[in-house]
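Trainee: Could you walk me through reading charges and backbone angles in a protein model?
Mentor: Happy to; let's put it on the screen.

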Amino acid sequence: MDETEFWELVDASREAAEGDPEEQADVLVERLLELDPESVLDFARHFESRYHRAYRWDLWGAAWLLLDGASDDAFDFFRCWLIGQGREVFEGALHGDPDSLADLLDDFDEEIDGDGEELGYAADEAYEQLTGDVAPDLGIPPPPPEPEGTPVDFENESALAERYPRLWQRFKE
């Protein structure tokens, strides 16, 4: 599975689920079950490598604003959700600036959006259903011990407003 196929599966599952992350995970498992086990592992590798790439302080600050606070677990689930939003949103937040999420996200409902925990398990679940076995080690580098970049002071509202002006204006004012 190449990168294009990975993103096509992500986009198709999001569209079929009408943006609901829990439903998207269910749809994604169904779609992955149509593939062979090695393709499911390829999908998992693509997902996991993006999940690790998103382990960044600047992105955690954006999640903090969107979610009105983000613990370690909440940021983990946010990164899964961000991948589930598709290539344009994911790459825009990582390569552009996390503040661009204010423009990239059409709607954001903190009751359902921002938490893609189940998306993070979709490939594992599909692999187990296909093979009866737990997915093997994916053979990709482990995540960094700390987020990349400069730490963000989540408690300093003026610093957050300055660092993320568009997110602050859209979600906090």
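Mentor: We will go through salt bridges, a charged patch and two backbone angles. Keep in mind that this is a predicted model.

Trainee: Let's begin with the salt bridges. How many does a search of the whole structure find?

Mentor: The general idea is that side chains of opposite charge can pair when their charged atoms come close. Here the search of the whole structure gives 13 salt bridges. One of them joins the side chains of Arg53 and Glu91, at 3.1 Å from N to O. Arg53 lies in helix H3 and Glu91 in helix H6, so this pair ties together parts that are 38 residues apart in sequence.

Trainee: Is Glu91 buried or exposed?

Mentor: Glu91 counts as buried because its relative accessibility is 16%, under the 20% cut-off. Arg53 is partly exposed, at 32%.

Trainee: What else is Arg53 in contact with, leaving aside neighbours within four places in sequence?

Mentor: Besides Glu91, the contacts of Arg53 are Phe90, Leu94 and His95. Arg53 is also 8.1 Å from Pro143, C-alpha to C-alpha, although the two are 90 residues apart in sequence.

Trainee: Which residues are linked in a network of salt bridges?

Mentor: That network links Arg56, Asp58, Asp97 and Arg163. Within it, the side chains of Arg163 and Asp58 meet at 3.8 Å, N to O. Arg163 belongs to helix H9 and Asp58 to helix H4, so the pair ties together parts 105 residues apart in sequence. Asp58 is buried, with a relative accessible area of 18%, and Arg163 is partly exposed, at 34%.

Trainee: Now the patch. Which elements give two or more residues to the negative patch?

Mentor: A patch of negative charge gathers on the surface, and its members include Glu18, Glu34, Asp115 and Asp133. Helices H2 (21-32) and H8 (122-131) are the elements that give two or more residues, and H2 gives the most, with four. Glu34 sits in the loop between H2 and H3 and is exposed, with a relative accessible area of 65%.

Trainee: And the backbone angles: what is phi of Glu18 near?

Mentor: Most residues other than glycine have a negative phi. Glu18 has a positive value, near 55 degrees; this residue is in the loop between H1 and H2 and is exposed, at 74%. Asp68 also has a positive phi, near 60 degrees. Asp68 is found in the loop between H4 and H5 and counts as exposed, at 53% relative accessibility.

Note on methods. Residues are numbered from 1 along each chain as its sequence is written. This is a predicted model: local features need pLDDT of at least 70, side-chain atom pairs count only at pLDDT 80 or more; totals for chains, interfaces and linings use all residues. Side-chain values use heavy atoms; hydrogens and water are left out. Patches are made of residues with over 30% relative accessible area and no salt bridge: like charges are joined within 9 Å, nonpolar side chains (Val, Leu, Ile, Met, Phe, Trp, Tyr) within 5 Å. Accessible areas come from the Shrake-Rupley method with a 1.4 Å probe; for residues, only the protein chains shown count as cover. A salt bridge is a side-chain nitrogen of Lys or Arg within 4 Å of a carboxyl oxygen of Asp or Glu. Lys and Arg count as positive and Asp and Glu as negative; His and the chain ends are not counted. The place of a charge is taken as NZ of Lys, CZ of Arg, CG of Asp or CD of Glu. Buried means under 20% relative accessible area, exposed over 50%, partly exposed in between (1.4 Å probe, protein chains only). Contact means heavy atoms within 4.5 Å.
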